[in-house]
Every structure is written in C-alpha cells, then in structure tokens.
There are 2 protein chains.
Amino acid sequence: MDATTGRTGASRRDRDAETLDQLGEFVAIDRVTRGLTMSSAVSVGPGDDGAVFLINGSAVVSTDLLVEGVHFKTEWSDPHSIGRKAVAVNVADLEAMGASPVSMVLALAAPGDTAAQWLREFSTGVREEADRAGICLVGGDTTRARDISICVTVVGQTEGRSPVLRSGARPGQVVAVKGRLGWAAAGLAVLARGFRAPRAAVESQRCPQVPYGAGRQAALAGATAMLDVSDGLLADLGHIADASDVVIDIDRARLDIPDPVMAVASATGKDPMVFVLTGGEDHALAACFEPGTVPDDWQVLGRVRGREADEAPRVLVDGLPWQGSQGWDHFH
Amino acid sequence: MDATTGRTGASRRDRDAETLDQLGEFVAIDRVTRGLTMSSAVSVGPGDDGAVFLINGSAVVSTDLLVEGVHFKTEWSDPHSIGRKAVAVNVADLEAMGASPVSMVLALAAPGDTAAQWLREFSTGVREEADRAGICLVGGDTTRARDISICVTVVGQTEGRSPVLRSGARPGQVVAVKGRLGWAAAGLAVLARGFRAPRAAVESQRCPQVPYGAGRQAALAGATAMLDVSDGLLADLGHIADASDVVIDIDRARLDIPDPVMAVASATGKDPMVFVLTGGEDHALAACFEPGTVPDDWQVLGRVRGREADEAPRVLVDGLPWQGSQGWDHFH
C-alpha cells in the first residue's frame, strides 16, 4: 500500500482480495476494526498507536493466547466460533475477578494464504461475542505466521469493589458454581472420534458459554474467592485451596450430570463424573461464599474447611482424594 | 502437576528440568514472573485471574505480537534480546501517545522442546527492559506452539494530559524526531549476509533503543501529533499525513547518516539515505510541534503544509515524491 494515499488503495484491494497476503496488513486490520461502535468510556479507538479509555475504580487486566492445534483445530471449529472463543475465555478472567469488562485488544497471527473470508467470519465472531460480553474492541495487531494464533488482552474495572482473588476462601464457607461443567470436554471427546453430535456439547467445545455478569453478581453478593474453570473443576479449585491454604470438599451428590455429557459418556463408555470434575474449557465461575449468601442461580457443590496439622491444601471429593488426572497443563 | 500440592512438586521439577515440556505450564509461568517487584500502583500482580492496578487519568492500551521467523530469528537474536525487544516495541506505542507506562502482560507460545535456559534468558531480557522502560510485568500466559511467538500488551496512563494522536498535525508546524533511524535496517542487511558487524547496527536490529520518556516530554512540550517509527520514517509519517490531512516535506539535508548506517551502506553498495528514510524497527518517535517549541534534544527534519486543491495527503522528500518502497507491510 502507498502509505500516503492508503485509503483509496485499501478499499479497492479489499473488494478483490482473496487471501491475507493479497489484502495486506493494513487492510486486514481495517477488516477487523472497521465500523466498530465504541462505548462512551472510549475516547480513542482503533487506528492510532494506542487506544484511550476511562477506568472506573482500579484497572483489571488479563491476557490469553490461543494457538491453532492446541486450543482449537480449524477442522473442528469454524472461524466464527474461534473468534467468539477468543473473546469469551478472556472475559471469563475479568468475571473471575468480579470486575466489569471495559475494553479489549486482539493480536492475530495467520498464514499469508489464509482466506479473506476466514478473516471476515472470525471478525464477526469476535464482534458478536464482544457485544454479548459487554466489552469494546479498541485495537489490535496482525502479522504473518505458520499457524493461526490469537492473543486477546482484556481490561476491566472494579467500579470501587474489591477484586475477588483466589486467596480469600475461609473455613466454614460453601463453594458454588455458575455455568457449565464437563460440556466442552464431552464435546472434545466426540470431535476426537469424528462425530458432530450431541450438538450442544460440540458447540461448547467450539465456544464456551461464559456466564457474563455472574462475576460482578458474585462480588456484590460478597464472594471472597473466585476463578473461572478453565483447566477442570478439581484442578482450578486446587488453585483456590493452595492460595487460601484450605481444604475444599466437593459433594458428588450435588453435581448434576447434564444430558449431553451423559450421552457422550454412555456412547464412549466413560464415567460422566470425570467430564464434570476434570473437564476444562467451559469457563464456569466457581466462588466461595458465606453460607446463606449464595446468589439463587448459583449451585452449591461443597464446602471449605481448615487444614489438619499435617494436611496439604487440597481438593477432596466426598471426603477422599480424587484418583486420576485433575485437569489440563499446556506443557504436559 | 498435582494441583493440590503444586508448590512442592513445582520447585522440584524446576531444578532438574531442561525443556518447557519438562517444566510444565505452571512452572514456566512461575519462571517468568517469580520475584518481580511491583510498583505501588499494582495491588494484585501475577498469579490470579487478572492483575489489578491504579490508573492516573485515562488508560492507554496497545498490543504487539512478535513471531519467530517474521519479527526475529532465533539464529540471529539471543533470547535476552528477544525478551528486551518484546517489551521495547510495545512501550514505544505508549510513548507515541505521550502516555506514561504503568503495566504489561506477556503471553508466550513456544515449542515443548524449548530449553528451560532459553526461557530463563528471555525472562531476564523482559525484566531488564521493563525496568529500563519503567513498566511492571503484572501477568501472562504460556502455551505450546510450533513456533515461538510473544504477545505483549502494555497499559499506560495519561496523567491528565491529552493523548497525542496522529491526526493533530497542522500546516506551519515542524516535524521532529527523537531516536535512531536506519540502524535496525542496516543491522538486518548485515545479518542477512551472515555478518555480525558493525555491532551497533546489529544490536539495534536485535533490540531497538527506544527513547523512553521522550513521549511524555513531547506531550508536555505541546506536540500535536506523534507516532513511533516502526515501519520506516516515510511510511509512518504517511500515517500522520493521512490522519491529519496534510502534506509533510522532509529536508534531506537535515538527516544525519549515522556511522554504522554509513558503514553498512558502503559495504553493501546501497544508498544510506534509503536506510534512514525507509528502514523500520528502530522505534524512534516522530512528532509535530509549533516552531520554537521543539525540545532541545529532538531533531527537526521537515515541515507540515496544507494540501493543494487536487493533492492527496502525502510525504515528500525535498519537495518531491520519494521513488521506491516506503516501508514494511507484514502481509506483503
């Protein structure tokens, strides 16, 4: 592109181009950011060296990098779902702090022969999920790479509330969850066998249904510890147990087995409880509350107790250590 | 890792491990973030779902994704330089808005067989450059991938100043630069031929020398338009010309040819002015000021004038269009 007359050249190539190489970097960025509506907090949106916006209270920041072949497969996930997922998994981290979403930036690396149509559908997914989550896309970066990777960074605000950390769980509290458990893992099991049903599980694998607004709700209700379940319920509650120096005991009888998870477990001959207890990527919220303060639409799953003298912080199921894998580690 | 007893297991593996696969995700994150000192603005650092910090004025955010083979080559750049560069190119964007750096998050994707030693040197580079730039690393993400890629997102604050955009250049102003021009491109030309000298040019290619603090200085001096020179002086001033709807005329006689650039030009039979006018990756700051208000240590290079009736916004050199490439586009 001739930088001195960029806008005319850009719109011409935009119509005819079929790959990112043909579009060029500046048009690719324009494709993702063109015509975005900004909230009143945003004074400078995409197109300058940085975006500028107001923060009410303290700023809360989180970043996640999704890589093709690790976090999604282009054979399994359409670009629209990949765009949605990139937003959802990041905003879940803001929810997990009890913060309200404000703005996000997105960096995309992709091979030069990626279809322009792929970028269009990906961008639509990003925008739709951002609208759903109540967050503004304010800037980004694009570059060439062998594999597609997407790095989203989200900024939220505390609005004067204390952020809800992992370290605030206290003996005597209850543990409650809002959102799905086991659906995405069941979807993965199905996709890995070459099937596309049950559809609800497969859709959950392609993009999680994050309970937007539930983080703020929990903070207002007095939650003292919270996180989003990305690696599996037991693994993630283990982070709360560690950070709070407590023992968490999950009551299996309180765990529902959702129909799609049951269907996948039956079809694959697996214990459905394994999906629910150790399946990651659904990004439900798990939080600790004083008894009697749990919001109505959260599900109580267990309780927090102090450590015995020689006991490590840990998560138990019906009072016993869980046998088997606890969740997902990206380097193992 | 057993999530319920993670800390003990982690430190044991940490001592013996030689690759990221052996370290595991949680130890890799710990390696990057352990023992960081936080500024007083940061109330929650690494280790939770998000970091929390105060913002003075409006927040300014920018993100950049560096990919192995595109933005750096592991044969040419040591991990320490790659870590430094990932911080420097991002903070340059905050400087270009006239903002003061506050905090950054870093997402790293790398092959599982990457040496733990690589991660250690990379982290040291990140920390040293963050200290130099006056920014706190407050969180991150690590994941497996075929190629190394690094996404840094920086957050700055306006401290009550107006952000300096690209759209504020006005006829009658002068254009001035603070920082290096052409050094990194000269270094690239040398490395591409298999040489390692002149060392100053090669070092500039490995990690730019961003003029930290000069963005705030320019904003306080009344700069009305600014950016950092990442794609080449002419290409980037073209963005100011476009956004401000003006013509910028560069005076070649005002451009110094630095010794290392001259040496590379002589050795390769190239016009040194091409490096200075079109070489990217040095991340100097270029800004427009009213005459007489340019800070002492900035170098005036040209002037801003209005467009003629049928003239496009553009950048001229000694009153004439520049013949040849204007700079770098990652998809071309």
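These legends walk through several close-up views of a predicted model.

**View 1. The two copies, chain A and chain B.** Start with how the chains relate to each other. A turn of 180° with a shift of 0.0 Å along the axis lays chain A on chain B, and the RMSD is 0.0 Å. That is the relation of a two-fold axis. As for where they meet, 100% of the interface residues of chain A are also interface residues in chain B, so the copies come together through the same surface.

**View 2. The two domains of chain A.** In the domain assignment, chain A has domain 1 (3–157) and domain 2 (174–321). Take the C-alpha centres of domain 1 of chain A and domain 2 of chain A, and they lie 29 Å apart. Their contact uses 20 residues from domain 1 of chain A and 18 residues from domain 2 of chain A. On the domain 1 side of that contact, α4 (79–96) and α5 (116–133) of chain A each bring in at least two residues. The largest share of that side, eleven residues, is supplied by α4(A). Sorted by class, the domain 1 side that touches domain 2 in chain A holds ten nonpolar, five polar and five charged residues.

**View 3. Strand β8 of chain A and its partner.** Here we zoom in on residues 225–229 of chain A, which form strand β8. This strand is mostly covered, with five of its five residues buried. Its pairing with strand β10 (residues 284–289) of chain A is antiparallel and runs over five bridges. To pick out one match, look for Leu227(A), whose bridge partner in β10(A) is Ala286(A). In general, strands of a sheet pair through backbone hydrogen bonds, either parallel or antiparallel.

**View 4. The seven-stranded sheet of chain B.** Over in chain B, seven strands make an open sheet with mixed pairing, in the order β8-β10-β7-β11-β9-β12-β13. The edges belong to β8 and β13 (320–321) of chain B; each has a single partner strand, so one side of each is left without a neighbour in the sheet. Elsewhere in the sheet, strand β7 (residues 174–178) and strand β11 (residues 299–305) of chain B run antiparallel and are joined by four bridges. Val174(B), for instance, has Arg303(B) as its bridge partner in β11(B).

**View 5. Helices against the sheet of chain B.** Helix α4(B) packs on the sheet, where it touches β8 and β10 (284–289) of chain B, and its direction makes about 165° with that of β8(B). Helix α9 (residues 233–244) of chain B lies across β7, β8, β9 (247–250), β10 and β12 (314–317) of chain B. The angle between α9(B) and β8(B) is about 155°.

**View 6. Met226(B) and its surroundings.** Met226(B) sits in strand β8 (residues 225–229) of chain B. Is Met226(B) buried or exposed? Met226(B) counts as buried because it has 29 C-beta neighbours inside 10 Å, and 20 or more is the cut-off. Leaving aside residues up to four places away in sequence, Met226(B) touches several others, including Ala96(B), Gly98(B), Val164(B) and Ala286(B).

**View 7. Helix α7 of chain B under cover.** The last view shows helix α7 (residues 199–206) of chain B, where Ala201(B), Val202(B), Ser204(B), Gln205(B) and Arg206(B) are buried. What covers the buried residues of α7(B)? The cover includes α4 (79–96), α6 (183–192) and α10 (259–268) of chain B.

Notes:
Residues are numbered from 1 along each chain as its sequence is written. Chains are lettered from A and ligands numbered from 1 in the order in which they are written. This is a predicted model: local features need pLDDT of at least 70, side-chain atom pairs count only at pLDDT 80 or more; totals for chains, interfaces and linings use all residues. A residue is buried if 20 or more other C-beta atoms lie within 10 Å of its own, exposed if 12 or fewer, and partly exposed in between; C-beta atoms are placed from the backbone. Two residues are in contact if their C-beta atoms, placed from the backbone, lie within 7 Å. Two strands pair if DSSP finds at least two bridges between them. Axes are lines fitted to C-alpha atoms, for helices over the stretch in contact, and angles run from 0 to 180 degrees between N-to-C directions. Domain bounds come from an automatic or database domain assignment. Ala, Val, Leu, Ile, Met, Phe, Trp, Tyr, Cys and Pro count as nonpolar, Asp, Glu, Lys and Arg as charged, and the others, Gly among them, as polar. Copies are superposed by least squares on the C-alpha atoms of residues with pLDDT of at least 70 in both.
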